[in-house]
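I opened this notebook to keep track of what I looked up, one topic at a time. The sequence and the structure come before my entries.

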Amino acid sequence: MNYAQLGWWIGHEVELDGILLVGIAVAVDLARAAQSRPLAGDRRGADLVASEDVFLGSHARALTVRLADKDAYTERHTRRVALRAVQVGELLGLSASRLRTLAIGGLVHDIGKLSIPDAILKKPRPLGDDEYAIIQEHPERGHKLLAGLGGFPDAVRQLVRDHHERLDGSGYPRGLSADQIDLDTRILAVCDIYDALISKRVYRGAWSHDDAMALLRREAEYALDERCVMALEQVIAREQGVAAPAELAAATA
């Protein structure tokens with residue numbers, strides 16, 4: 001056997017070994033009725049958010065860097081919200097593609113604040129009515145910014161524009177009704193409120209987890225999606241190593 005023949009046999013042996021390895025992984029997936037992450041070409045939500053420059057693209061990464069340069073609190077807030085949102089989305093059974101969209105939308109949902117003056121964005125006291133009206137423009141400003149940049153799908157831009165909408169029509173900027181707000185947006189809205197409440201701001205202290213959840217439960221009666229609120233509570237209970245109440249598990253099953 002010469003070197004050419006030896007190389008041919010070795011190459012085919014390696015090829016067969018590779019097919020065997022993939023076949024074993026597929027067989028395991030089929031046996032347990034779940035896809036392995038390498039085969040699916042996907043990552044869990046936490047991985048998406050932690051490594052957005054790898055999995056979510058340079059557009060999302062560039063905007064998060066710009067936001068961090070302008071306002072470190074807002075950038076950290078968006079990262080936490082994105083993580084919570086994909087965790088809740090996983091619990092509620094969202095597909096891999098929707099989780100990816102939710103991760104990107106969470107990371108850039110406050111990107112419209114790039115155009116808000118620092119005097120308003122970082123004001124160490126509660127905002128006046130006129131200042132608050134300007135802050136309320138950030139969802140629409142973010143939507144227009146992403147549209148102008150290109151590279152962001154409609155679903156991501158919708159999350160950016162609608163994350164302050166409420167089921168009773170009291171939200172902004174468009175005052176949508178419940179039937180106009182999809183599940184992904186409802187998830188993001190709940191996670192956004194929760195993180196904002198438990199975060200310390202220059203003009204107020206942080207709320208406790210219990211107080212924040214109590215407010216979310218009250219608003220779930222009219223403004224927020226109850227299932228999303230309960231799913232968030234279950235996610236946090238798991239994170240803290242606390243057994244979630246039976247009614248929470250039943251509601252998200």
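My entries below cover the surface, the salt bridges, the helix packing and a few loop positions.

**Entry 1: what kind of model this is**

I noted before anything else that this is a predicted model.

**Entry 2: a patch on the surface**

I looked for nonpolar side chains at the surface and found a patch of about 460 Å², which is made by Tyr3, Leu6, Ile10 and Val14. I then looked up Ile10 on its own, and this residue belongs to helix 1, which covers residues 3-32. Ile10 has a relative accessible area of 46%, and because the partly exposed class lies between the 20% and 50% limits, I entered Ile10 as partly exposed.

**Entry 3: salt bridges**

How many salt bridges does a search of the whole structure find? I wrote down 13 for the whole structure, and I followed up several of them.

I began with Asp118 and Lys70, which form a salt bridge whose closest N and O atoms are 2.8 Å apart. Asp118 lies in helix 8 (residues 118-121) and Lys70 in helix 5 (residues 58-70), so this pair ties together parts that are 48 residues apart in sequence. I also checked how far each partner is covered: Asp118 is partly exposed at 38% relative accessible area, whereas Lys70 counts as buried at 17%.

I next turned to Arg79 and Glu75, where the salt bridge has its closest N and O atoms 3.0 Å apart. Both residues sit in helix 6, four residues apart, which is about one turn of the helix. Is Glu75 buried or exposed? I found a relative accessible area of 12% for Glu75, which makes this residue buried, while Arg79 counts as partly exposed with 24% relative accessibility.

My third pair was Arg157 and Asp154, with the closest N and O atoms of their salt bridge 2.3 Å apart. This pair lies within helix 11 (residues 154-162), and the two residues are three apart, again about one turn of the helix. Arg157 is buried, with a relative accessible area of 18%, but Asp154 counts as exposed at 56% relative accessibility.

I closed this entry with a network of salt bridges, in which Arg161, Asp162 and Arg174 are linked.

**Entry 4: helices packed on helix 12**

To describe two packed helices, I need the angle between their axes and the distance between the axes. I looked up both values for two pairs that involve helix 12.

Helix 6 (residues 72-91) packs with helix 12 (residues 183-198) at an angle of about 135°, and their axes are 9 Å apart. That angle makes helix 6 oblique to helix 12, and I recorded the crossing of these two helices as right-handed.

For helix 7 (residues 96-108) and helix 12, I noted a packing angle of about 40° and a distance of 11 Å between the axes. Angles under 35 degrees would count as roughly parallel, and helix 7 and helix 12 are therefore oblique to each other. The crossing of helix 7 and helix 12 is right-handed.

While I was at helix 12, I looked up Asp184, which is found in this helix and counts as buried at 8% relative accessibility. Asp184 and Arg98 are 86 residues apart along the chain, yet I found their C-alpha atoms separated by 7.9 Å.

**Entry 5: loop positions**

Which peptide bond did I enter as cis? I entered the bond from Tyr172 to Pro173, with omega near 10°. Pro173 lies in the loop between helix 11 and helix 12, and Tyr172 is likewise placed in the loop between helix 11 and helix 12. Tyr172 is buried, with a relative accessible area of 15%. I also noted that the C-alpha atoms of Tyr172 and Arg161 are separated by 8.8 Å, with their positions eleven residues apart along the chain taken as their spacing.

My last look was at Gly151, in the loop between helix 10 (138-149) and helix 11. Gly151 is exposed, with a relative accessible area of 65%. From C-alpha to C-alpha, I found Gly151 and His59 to be 7.2 Å apart in space, although they are 92 residues apart in sequence.

How values were computed: Residues are numbered from 1 along each chain as its sequence is written. This is a predicted model: local features need pLDDT of at least 70, side-chain atom pairs count only at pLDDT 80 or more; totals for chains, interfaces and linings use all residues. Side-chain values use heavy atoms; hydrogens and water are left out. Patches are made of residues with over 30% relative accessible area and no salt bridge: like charges are joined within 9 Å, nonpolar side chains (Val, Leu, Ile, Met, Phe, Trp, Tyr) within 5 Å. Accessible areas come from the Shrake-Rupley method with a 1.4 Å probe; for residues, only the protein chains shown count as cover. A salt bridge is a side-chain nitrogen of Lys or Arg within 4 Å of a carboxyl oxygen of Asp or Glu. Buried means under 20% relative accessible area, exposed over 50%, partly exposed in between (1.4 Å probe, protein chains only). Axes are lines fitted to C-alpha atoms, for helices over the stretch in contact, and angles run from 0 to 180 degrees between N-to-C directions. Angles under 35 degrees count as roughly parallel, over 145 as roughly antiparallel, 65 to 115 as roughly perpendicular and the rest as oblique. A crossing is left-handed if the near helix is turned anticlockwise from the far one by less than a right angle, and right-handed if clockwise.
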